[in-house]
Structures are given as C-alpha cells and as structure tokens.
Amino acid sequence: MEKAQEWFNYGIELAKEFGPKLVTAILIFIIGSWVIKKMIGSAGRIMAKGKYDESLQKFLLNLVNWALKIFLIILVISRLGIDVTTFAAVIAAAGLAVGLALQGSLSNFAGGVLIMIFRPYKIGDFIEAQGVVGSVKEIEIFTTKLITPGNKLAIIPNGALANGNIINYTAEGVMRVDLTIGIGYDEDIKQAKEVLLQVLVSNPKVLQDPAPSVNVSQLGESSVDFAVRPYCAPEEYWNVYFETLENCKLALDKAGIEIPYPHSVEIQKKA
C-alpha cells in the first residue's frame with residue numbers, strides 16, 4: 001500500500017507540474033490550427049480578388065500553410081517545456097540526414113519554385129512533358145498533376161519538369177491540327193483542294209486567322225496526299241480533328257472524288 005501511495009503521490013506531482021502545460025499546449029495547437037485555417041482561407045480570397053494566377057495561388061498557399069504549421073508545432077513543443085534550442089539542433093542534425101536521403105524531394109521542391117518563377121505552364125494548359133500529354137490540373141510543391149486525354153491522372157515530379165523539355169500547346173492560344181487526306185491520281189487536284197478547303201472554312205470551330213490551308217504534301221504510291229491544316233482553340237482540338245476527318249470524307253464522296261485504299265489493302269483485294 002505504501003508503494004502504491006508513493007506512485008499516486010508522484011502522479012499527482014507530475015500532474016500538477018505538467019498538467020497545466022499539457023492543457024495549454026493542446027489549447028495552443030487547437031486554436032493555432034483554427035487560426036492558420038482562417039488565415040489561409042482569407043489569403044486565398046484576397047488572392048482571388050486580386051486576380052492572382054491560380055497556379056501561383058495554390059503553390060504559395062501550400063507553402064505558407066506548411067510554414068505556419070511548423071511554427072505552430074515549435075510553439076507547442078516550447079510550451080511543453082522542451083528546450084527549443086536543443087530541439088532545433090536535433091532537428092538540424094536530423095534534417096541534414098533526411099536531406100541527404102531525400103535529395104530527390106529537395107530537387108522537386110526547387111523545381112516547383114523554378115516553375116513558379118519562370119512559368120512554363122499554368123493550371124489549365126495542355127502540355128507534353130516527360131513522355132506524358134495532358135491538361136495541367138494542379139501544381140503542387142513537389143509534383144505537377146496532369147489529366148491525360150484518356151482522363152487518367154498523371155503525377156510528374158517538378159524536378160524532372162524543371163530540367164526537362166516541355167511543349168506547351170496552349171501558350172499561344174491557338175493549336176494547329178495536322179491531317180493527311182489522299183485522293184486518286186486520276187482525280188482533279190484543284191477541285192479536291194477546293195472541296196477540302198471549303199470543309200475547313202465552313203466549320204465554325206476552325207479559326208480563320210491564322211487561315212486554314214490545304215496543300216499537296218507528297219505523291220504517294222497510290223494517292224496524291226494533301227496536308228490539311230486547320231487552326232483552332234486548344235480546347236476544341238479533338239473536336240476539330242475528328243470532325244475534319246469525317247467531313248472531308250463525306251465532302252469528297254459527295255463531289256465524286258475517290259479516296260483510294262492504302263496500297264496494302266489494294267493488294268489484298270486483288271488477291
């Protein structure tokens with residue numbers, strides 16, 4: 001009983017000494033988290049009203065959010081009576097070890113900063129990078145998220161993006177659709193060219209400035225090939241691509257202009 005009483009008294013002493021600190025630390029953490037949430041929300045609204053770029057908004061808010069949370073954790077630890085100076089030294093030593101182990105992550109963070117500074121792309125842009133094509137959904141501290149044409153989510157490290165080649169299809173606000181349409185050697189080239197050009201001009205999704213073009217690109221084995229080049233807004237690329245193919249076929253059929261089979265198919269038919 002005496003031993004139990006000693007432990008009970010010791011527990012009471014600990015509660016008296018550390019209880020208020022623990023309660024205060026918990027309150028600081030709860031209130032601090034609420035304040036950080038409100039601050040980030042207010043900063044987001046101010047940036048939105050100031051018409052800051054969406055990519056920059058999310059990146060800066062993420063960065064500030066993490067910085068404030070780290071400061072809050074240090075404040076809570078300090079309130080618990082832990083020597084922050086000693087703690088900081090331990091963190092610095094651990095940070096060095098972790099930094100060496102996470103060189104790739106640090107490279108990705110630096111890449112994210114470079115992307116924000118030089119702005120090779122922004123949210124909503126259609127880009128090609130690291131063998132992936134897609135629309136930029138989000139630019140985070142370490143990664144960039146793309147939505148591919150097949151509606152798949154691709155996550156690419158910012159370090160690789162900052163140091164690699166990037167093709168931004170939407171940067172100029174206009175995209176060119178490259179198509180090849182062939183006609184038979186016996187057909188009238190000028191007539192076919194007029195028919196194909198009319199298809200482009202009559203499509204409201206095709207831009208007239210820059211003007212669409214239709215030109216003979218090569219003389220193939222079984223066809224005279226035209227380079228059909230309509231321009232469109234980036235978001236209309238696939239609509240214009242598929243509509244142009246279909247409408248060119250229908251227009252040539254209506255004009256009585258033959259689109260020959262590929263050479264390999266001709267051989268199979270003869271066989």
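## A walk through the predicted model

Let's start with Ile166, which sits in strand E5, covering residues 166–168. Keep in mind as you look around that this is a predicted model. Ile166 has a relative accessibility of 26%, so it counts as partly exposed. Which residues does Ile166 touch, once its neighbours within four places in sequence are set aside? The contacts are Pro120, Tyr121, Ile127, Glu128, Ala129 and Leu161. Take Pro120 from that list: it is 46 residues away from Ile166 in sequence, yet the two C-alpha atoms are 7.6 Å apart in space.

**The chain as a whole**

Now zoom out. The protein chain has eight helices and 10 strands. Its length is 271 residues, and 29% of them count as buried. If you look at contacts between residues at least 6 apart in sequence, 62% of these join residues at least 24 apart. The chain's accessible surface adds up to about 17400 Å², with 62% of that belonging to carbon and sulfur atoms.

**Two patches on the surface**

Helix H1 is a good place to look next, and it runs over residues 2–49. A nonpolar patch on the surface is made of Leu22, Val23, Ile26, Leu27, Phe29, Ile30, Ile31, Trp34, Val35, Met39 and Ile73, which together have about 1000 Å² of accessible area. Which element gives the most to the nonpolar patch? That would be H1, with 10 residues. Val23 is one of the patch members, and its place is in helix H1. Val23 counts as partly exposed because its relative accessibility is 47%, and a residue has to be over 50% to be called exposed.

There is also a positive surface patch, formed by Lys37, Lys38, Arg45 and Lys49. Lys37 is found in helix H1 too. Is Lys37 buried or exposed? With 66% relative accessibility, Lys37 counts as exposed.

**Salt bridges**

Side chains of opposite charge can pair when their charged atoms come close. How many salt bridges does the structure hold? There are six, and here are some of them:

| Salt bridge | N to O distance |
|---|---|
| Lys122 and Asp125 | 3.3 Å |
| Arg176 and Asp178 | 2.7 Å |
| Lys249 and Asp253 | 2.4 Å |

The partners in the Lys122 and Asp125 pair don't share a label. Lys122 is partly exposed because its relative accessibility is 35%, whereas Asp125, at 7%, counts as buried. Buried here means under 20%, so 7% falls within that class.

For the Arg176 and Asp178 pair, each side gets the partly exposed label: Arg176 has a relative accessible area of 40%, and Asp178 has a relative accessibility of 40%.

Then there is Lys249 with Asp253. Where do these two lie? Both are in helix H7 (residues 237–254), four residues apart, which is about one turn of the helix. Lys249 is partly exposed, with a relative accessible area of 39%, and Asp253 is partly exposed as well, at 41%. Elsewhere, salt bridges that share partners join Arg176, Asp178 and Arg229 into one network.

**Some backbone oddities**

Most residues other than glycine have a negative phi, and most peptide bonds are trans. With that in mind, a few spots in this model are worth a look.

What is the peptide bond from Asp209 to Pro210 like? It is cis, with omega near 5 degrees. Pro210 lies in a loop, the one between helix H6 (189–202) and strand E8 (213–219).

Arg119 has a positive phi of about 50 degrees, although it is not a glycine. You'll find Arg119 in the loop between helix H4 (103–118) and strand E1 (126–129). With a relative accessible area of 34%, Arg119 is partly exposed.

Asn151 is another residue that isn't a glycine but has a positive phi, in this case about 60 degrees. The loop that holds Asn151 runs between strand E3 (143–147) and strand E4 (153–157). Asn151 counts as exposed because its relative accessibility is 64%.

Notes:
Residues are numbered from 1 along each chain as its sequence is written. This is a predicted model: local features need pLDDT of at least 70, side-chain atom pairs count only at pLDDT 80 or more; totals for chains, interfaces and linings use all residues. Side-chain values use heavy atoms; hydrogens and water are left out. Patches are made of residues with over 30% relative accessible area and no salt bridge: like charges are joined within 9 Å, nonpolar side chains (Val, Leu, Ile, Met, Phe, Trp, Tyr) within 5 Å. Accessible areas come from the Shrake-Rupley method with a 1.4 Å probe; for residues, only the protein chains shown count as cover. A salt bridge is a side-chain nitrogen of Lys or Arg within 4 Å of a carboxyl oxygen of Asp or Glu. Lys and Arg count as positive and Asp and Glu as negative; His and the chain ends are not counted. The place of a charge is taken as NZ of Lys, CZ of Arg, CG of Asp or CD of Glu. Buried means under 20% relative accessible area, exposed over 50%, partly exposed in between (1.4 Å probe, protein chains only). Contact means heavy atoms within 4.5 Å.
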